[in-house]
Amino acid sequence: MKTLERLFLSLLRPQVQHAQDPLQFAYRTKVGVEDAVLHLMHRAHTHLDKSRGTVRILFLDFSSAFNTIQPPLLLDKLARMQVDPRLVTWISSYLTDRPQYVRLKDITSDTVVSSTGAPQGTVLAPLLFTLYTSDFSYNSESCHIQKFADDTAIMGCIREDQEEEYRSLVRDFVVWCHANHLQLNTSKTKELVIDFGKSRPPPQLVQIEGADVEVVSSYRYLGLVLDNKLDWSKNTDHLYRKGQSRLYFLRRLRSFNICRKLLWMFYQSVVASVLFYAVVCWGGSTSKRDSSRLDKLIRRAGSVVGMKLDSLVSVAEERTLNKLLDIMDNVSHPLHTAITDQRSSFSDRLLLPRSNTNRLKNSFVPRAIKLYNSTVGCRGGSGRSKQDTTPRTVE
């Protein structure tokens, strides 16, 4: 069945490419979690650098999002996207009149026929959900809505307490959710308010369906912990704890006299994947204290494996440069214009954007441009970096 779905996916994807939300970061080639967080943070850093404003980010939570898709509404949207009618008919048959039952050992429940939602764990369901939500998009200079599958965030860049556009966008999205039978979980919906003003009064709470949305000091978004200080300290604590627990298994593995190469492979896939998760988003903005904590953990892992391992700075710089080059090659990336507009008219170098705060100077775009310029100056080429995965033995 999944093989058949992949065949239909290859037919459907080219026909709906023009209708997809440009700020939908899920299930797209060369775009993922890092790109969603980078876009969110770039908008926040740029706004806070220009004025003494406020950034409000509303993280919306759906209740069983995939299970609430209404096939008739989805089919109407596909028809408006000018999808082949025969493909629309097949999708209709795929989503409706699905017999379902639950089996636990030798006990089987009654069979129920379902015609609502998309089957979870299937190949087509993720794309169908993104198409179902693609007709609501918004992106202005001061407000935008971005999505990662069903993880939706509304950002408002507020100046002089002018919040009407932000609140209007929230109201419009709630109305759209009701019209499309998507249920918002108000108790799990949170708002992060970033404001470095000293004498500003507390913000007025946002209401959804008559209930106040809780304002939090930190929020876990796509696996990263964002806080209202933009300093990544809570995220580092989270990664450090996870890294320590994974390091225990590395030590246990060494006790069985596993060879060095397998220990290194285990470190890369289990430990390093946690420590360097989305490192391009936070690698250059962490404090020296937090960076030294993670480097200390890396050195401990190196002593277990028996070889020198790449430090946090080296991994962050390499991945940052590669991410920048990927964005420059992808004209549909939301940050493509922000970076290519910095290109010098006299050389291949990129001009650094003007910044008044260290928060913006240490964020992804300026940091990546510095790495790019230094690489172009040294190599005289495109600057594309290839990761060196060769283990290095400690003398």
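Q: Where does Gly117 sit?
A: This is a predicted model. In it, Gly117 is in the loop between strand E5 (112-114) and helix H5 (125-132).

Q: Is Gly117 buried or exposed?
A: Gly117 is buried, because its relative accessibility is 0% and the cut-off for buried is under 20%.

Q: Which residues is Gly117 in contact with, leaving aside neighbours within four places in sequence?
A: Phe66, Asn67, Thr68, Ile69, Pro71, Leu95 and Arg98.

Q: And how far is Gly117 from Val270?
A: They are 35 Å apart in space, C-alpha to C-alpha. Along the sequence, 153 residues separate Gly117 and Val270.

Q: Switching to loops with odd backbone angles. What is the phi of Asp161?
A: About 60°. That is positive, although Asp161 is not a glycine. Asp161 belongs to the loop between strand E7 (151-158) and helix H6 (164-179).

Q: What about the phi of Leu222?
A: Also a positive value in a residue other than glycine, near 55°. Leu222 is in the loop between strand E12 (218-221) and strand E13 (224-227).

Q: Why does Leu222 count as buried?
A: Because its relative accessibility is 14%, and buried means under 20%.

Q: On to the interior. Which residues touch the most other members of the largest nonpolar core?
A: Phe59, Tyr221, Tyr267, Phe276, Cys281 and Trp282. The core has 70 residues. Helix H11 (residues 312-329) gives the most to this core, with eight residues.

Q: What does Phe276 touch, not counting residues up to four places away in sequence?
A: Tyr267, Ile298, Asp310, Leu312, Val315 and Arg319.

Q: How many residues are in the other core, the one lying apart?
A: That core has 46 residues. Among them are Val83, Leu131, Phe173 and Ile208.

Q: Any general reason to expect cores like these?
A: In soluble globular proteins, nonpolar side chains tend to be buried together.

Q: Now the empty spaces. How many cavities of 30 Å³ or more are there?
A: Four. The second largest has a volume of about 90 Å³.

Q: Which residues line the second largest cavity?
A: Leu38, Met41, His42, His45, Trp232, Cys281, Ser285, Ser363, Phe364 and Val365. Helix H2 (33-50) and helix H14 (364-379) are the elements giving two or more residues to that lining. The largest share, four residues, comes from H2.

Q: How does that cavity lining split into nonpolar, polar and charged?
A: Six are nonpolar and four are polar. There are no charged residues in the lining of the second largest cavity.

Q: And the largest pocket, what is its volume?
A: About 370 Å³. The pocket is lined by 16 residues. His42, Arg43, Thr46, Ser140 and Glu141 lie nearest its centre.

Q: Which element gives the most to the pocket lining?
A: H2, with six residues. His42 is in the lining of this pocket, and His42 also lines the second largest cavity.

Q: How many residues of each class are in the pocket lining?
A: Six nonpolar, six polar and four charged.

Q: Last thing: what is the average pLDDT of the chain?
A: The average is 90. At least 70 is the score for 95% of the residues.

Q: Where is the pLDDT below 50?
A: Over residues 385-395. Beyond near neighbours in sequence, that stretch has 22 contacts in the model.

Q: How should low pLDDT be read?
A: Where pLDDT is low, the predicted coordinates should not be read in detail.

Technical notes:
Residues numbered from 1 in each chain as written. Predicted model: local features only at pLDDT ≥ 70, side-chain atom pairs only at ≥ 80, totals over all residues. Heavy atoms only, no water. Buried < 20%, exposed > 50% of the residue type's maximum accessible area, 1.4 Å probe, protein only. Contact = heavy atoms within 4.5 Å. 1 Å grid on protein atoms, 1.4 Å probe; cavity = no way out; pocket = protein on both sides within 12 Å on 5 of 7 lines; lining within 4 Å. Points joined across faces, edges and corners; volume = space filled by probe spheres on them. Nonpolar A, V, L, I, M, F, W, Y, C, P; charged D, E, K, R; others polar. pLDDT = per-residue confidence, 0-100. Core = buried A, V, L, I, M, F, W, Y, C linked by side-chain atoms within 4.5 Å.
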